Amino acid sequence: LTPTVSAAPVPGANPSTDGNLGIGASVALNIVDATTLAALADGSALTGAHNLSLSATGAGTHTTTATGGAAGGIAITPVVAISISTDTVRAYLGTGSVLTLTGSLDLAATQTVSVTTSAQGDAIGSNAAIGAALALAVVTHRVESVVARNVTTPGLVHLGATGATTSTTTAKASANGAPGTGGGSPTPDAQAGEQRTLGDSV
């Protein structure tokens, strides 16, 4: 299972109709709810068996990426990436009458999942710039081997559950706004001072 969700501005498109204001926003939401099951169901009957083996293996790579950018006199760029990953792998011997084997019982569940969530926003404004990025991952992974009935066997009984989850979350935001004091262009403070001087002279 490899779900991938990406959100990014359309190249060449300007979401703002005002040349003095640039707003670029991106939201990526990736919701995964996966279950891998190997089971002898509740209430089922199995007779004359020698060995019984139930093996469940689940693997996935979940990727969520959001990027955004804006430019203008005032540039604002909010970018949000959210991953909600729920993944269950289960080997299950269900309820029922006594299971009689002449050999061995083996239940194994294995899970390997990688979740990557990233958000990046860039804002470039000649007067002011606000760049904000949020990356959020909610990960609930479960791996289990369960025997829910009595078992009679002269052989080995093995229950195994192995899980490996990697979650990487990255948020980057940058803002390039009005130049500081001493820059080549007038600062907002300097512009305000000029306007006050003009007002006093009227």
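**Exercise 1. A threonine in its strand**

In which strand is the place of threonine 77? Describe the surroundings of this residue, working from its element to its polar contacts.

*Solution.* The model is a predicted one, in which local features need pLDDT of at least 70 and side-chain atom pairs count only at pLDDT 80 or more, while totals for chains, interfaces and linings use all residues. Residues are numbered from 1 along each chain as its sequence is written, and side-chain values use heavy atoms, with hydrogens and water left out.

Step 1. Threonine 77 is placed in strand β4, where helices (H or I, at least four residues) and strands (E, at least two) are DSSP runs numbered from the N terminus.

Step 2. With a relative accessibility of 1%, threonine 77 counts as buried; buried means under 20% relative accessible area, exposed over 50%, and partly exposed in between (1.4 Å probe, protein chains only).

Step 3. When neighbours within four places in sequence are left aside, the contacts (heavy atoms within 4.5 Å) of threonine 77 are Gly24, Gly68, Gly69, Ala70, Gly121, Asp122, Ala123, Ile130, Gly131 and Ala132. For one of these, alanine 132, the C-alpha atom is separated from that of threonine 77 by 6.1 Å, although the two residues are 55 residues apart along the chain.

Step 4. A polar atom of the threonine 77 side chain lies 3.0 Å from the backbone oxygen of aspartate 122, and a polar atom of this side chain lies 3.3 Å from the backbone nitrogen of alanine 70.

**Exercise 2. The fold as a whole**

Give the order of the secondary-structure elements, and state what share of the residues counts as buried.

*Solution.* Step 1. The protein has one helix and eight strands, and from the N terminus on they follow the order β-β-β-β-β-β-β-β-α.

Step 2. Of its 202 residues, 29% count as buried.

Step 3. Among contacts between residues at least 6 apart in sequence, 83% join residues that are at least 24 apart.

**Exercise 3. The nonpolar core**

Identify the residues that touch the most other members of the largest nonpolar core, and the element that gives the most to this core.

*Solution.* Step 1. A nonpolar core is a set of buried Ala, Val, Leu, Ile, Met, Phe, Trp, Tyr and Cys residues joined through side-chain atoms within 4.5 Å. The largest such core has 14 residues, of which Leu52, Leu54, Leu93, Leu101, Leu105 and Leu107 touch the most other members.

Step 2. Two or more residues come from each of β3 (26–40), β4 (52–93) and β6 (105–147), and β4 gives the most, with six residues.

Step 3. Apart from this core lies another, of seven residues, including Ala7, Ala28, Ala66 and Val79.

Step 4. Leucine 105, with residues up to four places away in sequence not counted, touches Leu52, Leu93, Val147, Val151, Leu156, Val157 and His158.

**Exercise 4. A charged network**

Find the salt bridges of glutamate 144, and state how far apart in sequence glutamate 144 and arginine 90 are.

*Solution.* Step 1. The structure holds two salt bridges, a salt bridge being a side-chain nitrogen of Lys or Arg within 4 Å of a carboxyl oxygen of Asp or Glu.

Step 2. Glutamate 144 and arginine 90 meet through their side chains in a salt bridge of 2.6 Å, N to O. Because glutamate 144 lies in strand β6 and arginine 90 in strand β4, the pair ties together parts that are 54 residues apart in sequence.

Step 3. Glutamate 144 is buried, at a relative accessible area of 15%, whereas arginine 90 is partly exposed, at 27%.

Step 4. Glutamate 144 also forms a salt bridge with arginine 142, where the closest N and O atoms are 3.3 Å apart. Salt bridges with shared partners thus join Arg90, Arg142 and Glu144 into one network.

**Exercise 5. Two residues of β3**

Is asparagine 30 buried or exposed? Treat leucine 29 in the same manner.

*Solution.* Step 1. Asparagine 30 is found in strand β3 and is buried, with a relative accessible area of 5%.

Step 2. The side chains of asparagine 30 and threonine 64 are joined by a polar contact of 3.3 Å, that is, a pair of N or O atoms within 3.5 Å, of which, within protein, one must be able to donate a hydrogen and the other to accept it, and residues adjacent in sequence count only if both atoms are side-chain atoms.

Step 3. Leucine 29 also lies in strand β3, but is partly exposed, with a relative accessible area of 46%.
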